Amino acid sequence: MKRYSILTLLIFSTAVLMHGCTDDGPLGPDPDDFDRSAILTNWADNLIVPAYQNFVADAEALESAAADFSANPAADELLALRNAFETAYLSFQKVSMYEIGPAMQVGAQGINLRNYLNSYPSDTAQIVENVSLNDINLDLPSQLDAQGFPALDYLLYGAAGSEAEILALYSEGADAPLYRSYLQTLSARIAGLAGNVLNAWETGYRDEFTDNSGNGANASIDMMVNDYIFYYEKWLRAGKVGIPAGVFSGTPLPTHVEALYHGSFSRQLALEALSAVQDFFNGNHVNGTGSGESLNSYLDYLDSRRDGSQLSVLINSQFESARSELESLQQNFADQVENDNIRMLNAYDELQKNVVFMKVDMLQALNISVDYVDADGD
């Protein structure tokens with residue numbers, strides 16, 4: 001009799017435990033049962049590689065426009081070069097989150113592609129010094145903020161007080177050939193570094209990435225998801241909005257906005273980056289309107305919920321809330337910070353909410369551990 005009582009107690013206890021788990025959130029399938037190969041294949045073939053192909057084409061067009069302007073530094077060629085700069089800078093927003101594999105170590109110093117191409121604010125004194133030098137080692141860490149898109153932003157919009165004066169900088173005086181040469185050097189370097197990353201994906205890394213479909217810290221999904229959230233948290237939320245708004249310094253820093261010298265481009269860059277991370281979350285193809293397996297479908301497969309609502313729906317809804325706040329800002333974030341920083345802080349708050357959804361709820365659902373350390377006081 002005593003044996004039956006113990007057995008009955010065990011069965012009852014197990015039932016209570018399972019009931020309790022169900023009430024707090026369905027246990028659902030095991031994260032390891034999801035077809036990870038399908039999600040990696042969609043990421044590689046329909047998002048990452050096509051995004052790099054588009055970016056390399058746009059970067060090569062920028063290099064060509066710089067060569068044309070250098071051959072004939074006139075107003076029409078400057079306008080064409082500025083247009084190519086904008087196109088390539090927007091295109092870069094769609095690959096900037098992919099700091100995995102070949103993008104993690106480029107150049108002789110093995111520094112991330114993103115650091116070479118988009119470290120800001122730029123060091124204008126170093127840029128001017130580089131113009132006067134014939135032999136510059138842009139691989140050095142000390143040169144990160146004197147190259148890439150921020151340096152071109154300065155050279156095309158901020159190196160002189162007016163368009164006429166900028167044209168004169170490249171067409172008149174003893175330094176004009178040096179300015180033209182540095183412009184070409186920077187444009188060619190962007191195209192070259194991006195081309196190296198694309199070539200690595202197309203000649204072997206794509207298969208290495210998709211074949212690594214297991215789980216664990218070194219699996220492709222775990223690494224990619226960590227890189228994705230790191231980008232969202234540190235480069236989009238903090239870099240484009242939080243740092244200029246003074247979230248981490250206590251004092252607004254209008255000189256720390258992206259595309260400072262252009263004057264009306266920082267909002268567009270932020271919105272493009274937000275669209276890129278949302279498209280990645282939903283597995284939307286870079287070219288065309290198709291979509292495939294994604295973090296969204298992975299979470300739905302697991303029936304992941306927060307307070308009874310589907311986590312994938314909450315994340316997408318929060319992306320839209322952040323987009324609405326960003327769209328309400330001025331085109332020039334420096335003006336926004338100086339004239340109405342509250343709205344900038346509101347945009348930061350909306351971006352921050354998705355950090356919680358993705359970094360806490362999503363990673364827990366996917367059974368993925370964070371592999372980086374916060375360093376900005378979060």
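Where along the chain is Ala259 found? Select Ala259 in this predicted model and you will find this residue in the loop between helix 9 (220-245) and helix 10 (266-282). Its phi is positive, at about 60°, although Ala259 is not a glycine. Most residues other than glycine have a negative phi, and most peptide bonds are trans.

For an exception of the second kind, move to Tyr120 and Pro121, which are joined by a cis peptide bond with an omega of about 5°. Pro121 itself lies in the loop between helix 4 and helix 5 (124-131).

Next, colour the chain by domain, with residues 32-213 as domain 1 and residues 214-377 as domain 2. If you place a marker at the C-alpha centre of each domain, the two markers will be 22 Å apart. Now show the residues where the domains meet: 40 residues of domain 1 are in contact with 47 residues of domain 2, and together the two domains bury about 4000 Å² between them, of which 62% is on carbon and sulfur atoms.

Stay at this boundary and turn to its polar side, where 20 residue pairs, both partners at pLDDT 80 or more, are in polar contact between domain 1 and domain 2. The count of salt bridges between the two domains is two. To look at a salt bridge directly, select Lys94 and Glu272, whose closest N and O atoms are 3.6 Å apart.

Then hide domain 2 and inspect the side of domain 1 that touches it, to which helix 2 (36-71), helix 3 (75-92), helix 4 (113-117), helix 6 (148-158) and helix 8 (176-211) each supply at least two residues. Helix 2 gives the most to this side, with 12 residues. Colouring this side of domain 1 by residue class gives 19 nonpolar, 12 polar and nine charged residues.

Finally, bring domain 2 back and overlay the annotations from the record. UniProt, in an unreviewed entry, lists residues 48-352 as "domain: Imelysin-like"; in the model this span is 65% helix and 1% strand, and its end C-alpha atoms lie 25 Å apart. The unreviewed entry also lists residues 319-354 as "coiled-coil region". Select residues 319-354 last: the chain here is 83% helix and 0% strand, while the end C-alpha atoms are 7 Å apart.

Terms used:
Residues are numbered from 1 along each chain as its sequence is written. This is a predicted model: local features need pLDDT of at least 70, side-chain atom pairs count only at pLDDT 80 or more; totals for chains, interfaces and linings use all residues. Side-chain values use heavy atoms; hydrogens and water are left out. Domain bounds come from an automatic or database domain assignment. Contact means heavy atoms within 4.5 Å. Buried area is the accessible area (1.4 Å probe) that two parts lose on being put together, summed over both. A salt bridge is a side-chain nitrogen of Lys or Arg within 4 Å of a carboxyl oxygen of Asp or Glu. A polar contact is a pair of N or O atoms within 3.5 Å; within protein, one must be able to donate a hydrogen and the other to accept it, and residues adjacent in sequence count only if both atoms are side-chain atoms. Helices (H or I, at least four residues) and strands (E, at least two) are DSSP runs, numbered from the N terminus. Ala, Val, Leu, Ile, Met, Phe, Trp, Tyr, Cys and Pro count as nonpolar, Asp, Glu, Lys and Arg as charged, and the others, Gly among them, as polar. UniProt positions are given in the numbering used here, feature names are shortened, and annotations may be inferred rather than shown by experiment.
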